[in-house]
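Welcome! Take a moment to look over the model below, and then we will walk through it together, beginning with one pair of helices and ending with the whole chain.

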Amino acid sequence: MMIGITGGIGSGKSEVTKYLRNKGEMVICADEVARQVVQPGEKGAEEIRRVFGEDFFDAEGNLNRKRLAAHIFADNELTAKLNEILHPIIIERIFTQAKGNGGRVFIDAALLIQSGMYMNVDFVWLVSADEQIRLERVMKRDGTDKQSVILRMNNQMSSSDMSPFADEIIENNGSISQLYRKIDMLLSNPIYNEETE
(Lines give C-alpha, C1' and ligand atoms only; values in the text may rest on other atoms or scores of the structure.)
Protein backbone atom coordinates (compact mmCIF):
# COMPACT_ATOMS: atom_id res chain seq x y z
CA MET A 1 0.00 0.00 0.00
CA MET A 2 1.36 3.40 -1.01
CA ILE A 3 0.20 6.56 0.75
CA GLY A 4 1.34 9.91 -0.66
CA ILE A 5 1.85 12.79 1.75
CA THR A 6 1.91 16.35 0.49
CA GLY A 7 1.40 19.91 1.67
CA GLY A 8 2.66 23.44 1.17
CA ILE A 9 5.63 25.06 2.85
CA GLY A 10 5.12 25.46 6.61
CA SER A 11 2.15 23.07 6.70
CA GLY A 12 4.03 20.56 8.87
CA LYS A 13 4.48 17.82 6.26
CA SER A 14 8.05 17.12 7.46
CA GLU A 15 6.81 16.82 11.04
CA VAL A 16 4.29 14.19 9.92
CA THR A 17 6.90 12.15 8.06
CA LYS A 18 9.39 12.44 10.95
CA TYR A 19 6.74 11.10 13.33
CA LEU A 20 5.89 8.24 10.94
CA ARG A 21 9.57 7.28 10.71
CA ASN A 22 9.88 7.37 14.51
CA LYS A 23 6.97 4.92 14.66
CA GLY A 24 8.87 2.55 12.35
CA GLU A 25 6.92 3.32 9.17
CA MET A 26 8.69 3.20 5.81
CA VAL A 27 8.89 6.75 4.40
CA ILE A 28 10.43 7.65 1.06
CA CYS A 29 11.16 11.35 0.83
CA ALA A 30 11.26 12.89 -2.67
CA ASP A 31 13.83 15.52 -1.55
CA GLU A 32 16.18 12.78 -0.32
CA VAL A 33 15.77 10.83 -3.57
CA ALA A 34 16.41 14.05 -5.53
CA ARG A 35 19.78 14.32 -3.76
CA GLN A 36 20.58 10.63 -4.39
CA VAL A 37 20.02 10.78 -8.17
CA VAL A 38 22.55 13.61 -8.64
CA GLN A 39 25.40 11.84 -6.82
CA PRO A 40 28.54 11.16 -8.93
CA GLY A 41 27.87 8.43 -11.51
CA GLU A 42 24.09 8.56 -11.03
CA LYS A 43 21.75 9.02 -14.00
CA GLY A 44 20.53 12.45 -12.83
CA ALA A 45 24.09 13.79 -12.56
CA GLU A 46 24.99 12.45 -16.01
CA GLU A 47 21.91 14.05 -17.58
CA ILE A 48 22.63 17.43 -15.94
CA ARG A 49 26.21 17.24 -17.23
CA ARG A 50 24.96 16.41 -20.74
CA VAL A 51 22.45 19.29 -20.87
CA PHE A 52 24.06 22.00 -18.70
CA GLY A 53 27.77 21.17 -19.08
CA GLU A 54 30.75 20.56 -16.78
CA ASP A 55 30.69 23.97 -15.04
CA PHE A 56 28.37 22.77 -12.27
CA PHE A 57 30.56 19.86 -11.12
CA ASP A 58 33.74 19.76 -9.04
CA ALA A 59 36.83 17.63 -9.76
CA GLU A 60 35.31 14.64 -7.91
CA GLY A 61 32.15 14.82 -9.99
CA ASN A 62 29.96 16.29 -7.24
CA LEU A 63 27.16 18.57 -8.40
CA ASN A 64 27.39 22.13 -7.07
CA ARG A 65 23.68 22.50 -6.35
CA LYS A 66 24.00 26.14 -5.25
CA ARG A 67 25.75 27.15 -8.46
CA LEU A 68 23.18 25.31 -10.59
CA ALA A 69 20.29 26.87 -8.62
CA ALA A 70 21.79 30.35 -9.07
CA HIS A 71 22.17 29.70 -12.81
CA ILE A 72 18.59 28.53 -13.43
CA PHE A 73 16.86 30.72 -10.82
CA ALA A 74 14.50 33.27 -12.40
CA ASP A 75 14.77 31.54 -15.79
CA ASN A 76 11.56 29.56 -16.18
CA GLU A 77 12.77 27.81 -19.32
CA LEU A 78 15.94 26.49 -17.66
CA THR A 79 14.01 25.49 -14.52
CA ALA A 80 11.51 23.60 -16.69
CA LYS A 81 14.40 21.91 -18.52
CA LEU A 82 15.98 20.77 -15.23
CA ASN A 83 12.62 19.45 -13.98
CA GLU A 84 12.09 17.61 -17.28
CA ILE A 85 15.42 15.85 -16.75
CA LEU A 86 15.14 15.07 -13.04
CA HIS A 87 11.45 14.47 -12.30
CA PRO A 88 11.10 11.21 -14.30
CA ILE A 89 14.34 9.86 -12.77
CA ILE A 90 13.24 10.80 -9.23
CA ILE A 91 9.73 9.37 -9.70
CA GLU A 92 11.06 6.10 -11.14
CA ARG A 93 13.48 5.73 -8.20
CA ILE A 94 10.72 6.45 -5.64
CA PHE A 95 8.37 3.81 -7.03
CA THR A 96 11.16 1.25 -7.44
CA GLN A 97 12.04 1.70 -3.75
CA ALA A 98 8.36 1.60 -2.71
CA LYS A 99 7.56 -1.58 -4.66
CA GLY A 100 10.66 -3.25 -3.27
CA ASN A 101 9.33 -2.79 0.25
CA GLY A 102 6.19 -4.94 0.12
CA GLY A 103 4.34 -3.41 3.11
CA ARG A 104 2.79 0.00 3.77
CA VAL A 105 4.91 2.80 2.32
CA PHE A 106 4.56 6.57 2.72
CA ILE A 107 5.81 8.83 -0.06
CA ASP A 108 6.61 12.37 1.06
CA ALA A 109 6.50 14.67 -1.99
CA ALA A 110 5.75 18.40 -2.20
CA LEU A 111 4.95 17.95 -5.91
CA LEU A 112 2.89 14.77 -5.46
CA ILE A 113 -0.09 16.29 -7.30
CA GLN A 114 1.67 18.60 -9.78
CA SER A 115 3.96 15.76 -10.98
CA GLY A 116 1.04 13.33 -11.43
CA MET A 117 2.53 10.93 -8.84
CA TYR A 118 -0.77 10.96 -6.95
CA MET A 119 -2.22 8.75 -9.71
CA ASN A 120 0.18 5.95 -8.74
CA VAL A 121 -0.49 5.88 -5.00
CA ASP A 122 -3.43 4.28 -3.19
CA PHE A 123 -4.23 7.27 -0.96
CA VAL A 124 -3.26 10.93 -0.62
CA TRP A 125 -2.86 12.66 2.74
CA LEU A 126 -2.74 16.45 2.57
CA VAL A 127 -1.20 18.33 5.48
CA SER A 128 -2.62 21.84 5.68
CA ALA A 129 -2.55 24.86 7.98
CA ASP A 130 -3.82 28.43 7.92
CA GLU A 131 -1.69 30.80 5.86
CA GLN A 132 -0.74 33.02 8.81
CA ILE A 133 0.44 30.03 10.85
CA ARG A 134 2.47 28.69 7.91
CA LEU A 135 4.00 32.13 7.39
CA GLU A 136 5.09 32.41 11.03
CA ARG A 137 6.48 28.85 11.09
CA VAL A 138 8.66 29.36 8.00
CA MET A 139 9.89 32.80 9.10
CA LYS A 140 10.91 31.32 12.46
CA ARG A 141 12.40 28.12 10.98
CA ASP A 142 14.40 29.75 8.16
CA GLY A 143 15.07 33.10 9.82
CA THR A 144 13.71 34.81 6.73
CA ASP A 145 11.47 37.81 6.07
CA LYS A 146 7.73 37.75 5.44
CA GLN A 147 7.99 38.83 1.79
CA SER A 148 10.29 35.97 0.72
CA VAL A 149 8.05 33.41 2.44
CA ILE A 150 4.95 34.84 0.70
CA LEU A 151 6.83 34.60 -2.61
CA ARG A 152 7.65 30.93 -1.98
CA MET A 153 4.07 30.21 -0.94
CA ASN A 154 2.70 31.90 -4.07
CA ASN A 155 4.93 29.70 -6.23
CA GLN A 156 3.27 26.59 -4.79
CA MET A 157 -0.08 24.99 -5.40
CA SER A 158 -2.50 26.11 -2.68
CA SER A 159 -4.10 23.75 -0.17
CA SER A 160 -7.54 24.49 -1.61
CA ASP A 161 -6.31 23.47 -5.08
CA MET A 162 -4.76 20.29 -3.66
CA SER A 163 -7.69 19.27 -1.46
CA PRO A 164 -9.84 17.72 -4.27
CA PHE A 165 -7.03 15.16 -4.76
CA ALA A 166 -6.78 14.26 -1.07
CA ASP A 167 -8.34 11.27 0.72
CA GLU A 168 -7.46 12.81 4.09
CA ILE A 169 -6.84 16.43 5.06
CA ILE A 170 -4.69 16.71 8.18
CA GLU A 171 -5.39 20.15 9.65
CA ASN A 172 -2.26 21.25 11.48
CA ASN A 173 -3.16 24.52 13.19
CA GLY A 174 -2.73 23.28 16.76
CA SER A 175 -0.04 21.76 18.94
CA ILE A 176 2.40 19.03 17.93
CA SER A 177 0.67 16.53 20.24
CA GLN A 178 -2.66 17.23 18.50
CA LEU A 179 -0.97 16.51 15.17
CA TYR A 180 0.47 13.23 16.46
CA ARG A 181 -2.95 12.16 17.77
CA LYS A 182 -4.46 12.78 14.30
CA ILE A 183 -1.78 10.64 12.67
CA ASP A 184 -2.28 7.86 15.23
CA MET A 185 -6.00 7.88 14.47
CA LEU A 186 -5.34 7.59 10.74
CA LEU A 187 -2.82 4.79 11.22
CA SER A 188 -5.35 2.79 13.22
CA ASN A 189 -8.02 3.18 10.52
CA PRO A 190 -8.62 -0.28 8.94
CA ILE A 191 -8.60 1.24 5.43
CA TYR A 192 -4.88 2.04 5.83
CA ASN A 193 -4.06 -1.39 7.21
CA GLU A 194 -5.37 -3.57 4.43
CA GLU A 195 -3.17 -4.90 1.69
CA THR A 196 -4.26 -3.44 -1.64
CA GLU A 197 -3.80 -5.11 -4.99
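This is a predicted model. A good place to begin is where helix H1 packs with helix H9: their axes lie 11 Å apart and meet at an angle of about 60 degrees. Angles of 65 to 115 degrees count as roughly perpendicular and those under 35 as roughly parallel, and H1 and H9 are therefore oblique to each other. Their crossing is right-handed.

Which residues of H1 and H9 make the contact? The table lists them beside the span of each helix.

| Helix | Span | Residues in the contact |
|---|---|---|
| H1 | residues 13–22 | Glu15, Val16, Tyr19, Leu20 |
| H9 | residues 176–188 | Ile176, Leu179, Tyr180, Ile183, Asp184, Leu187 |

Sorted by character, the residues of this contact comprise eight nonpolar and two charged, with no polar ones.

Now let us step back to the chain as a whole. It holds nine helices and five strands, and following the sequence gives the pattern β-α-β-α-α-α-α-β-β-α-α-α-β-α. The radius of gyration is 18 Å, close to the 16 Å that the globule rule gives for 197 residues, so the chain is as compact as a globular protein of that length. Measured out along the principal axes, its C-alpha atoms fill a box of roughly 50 × 45 × 30 Å.

How much of the chain is buried? Buried residues account for 40% of the 197 residues. As for contacts between residues at least 6 apart in sequence, 71% join residues at least 24 apart.

Notes
Residues are numbered from 1 along each chain as its sequence is written. This is a predicted model: local features need pLDDT of at least 70, side-chain atom pairs count only at pLDDT 80 or more; totals for chains, interfaces and linings use all residues. Side-chain values use heavy atoms; hydrogens and water are left out. Axes are lines fitted to C-alpha atoms, for helices over the stretch in contact, and angles run from 0 to 180 degrees between N-to-C directions. Helices (H or I, at least four residues) and strands (E, at least two) are DSSP runs, numbered from the N terminus. Angles under 35 degrees count as roughly parallel, over 145 as roughly antiparallel, 65 to 115 as roughly perpendicular and the rest as oblique. A crossing is left-handed if the near helix is turned anticlockwise from the far one by less than a right angle, and right-handed if clockwise. Contact means heavy atoms within 4.5 Å. Ala, Val, Leu, Ile, Met, Phe, Trp, Tyr, Cys and Pro count as nonpolar, Asp, Glu, Lys and Arg as charged, and the others, Gly among them, as polar. The radius of gyration is taken over C-alpha atoms; the globule rule is 2.2 Å times the number of residues to the power 0.38. Buried means under 20% relative accessible area, exposed over 50%, partly exposed in between (1.4 Å probe, protein chains only).
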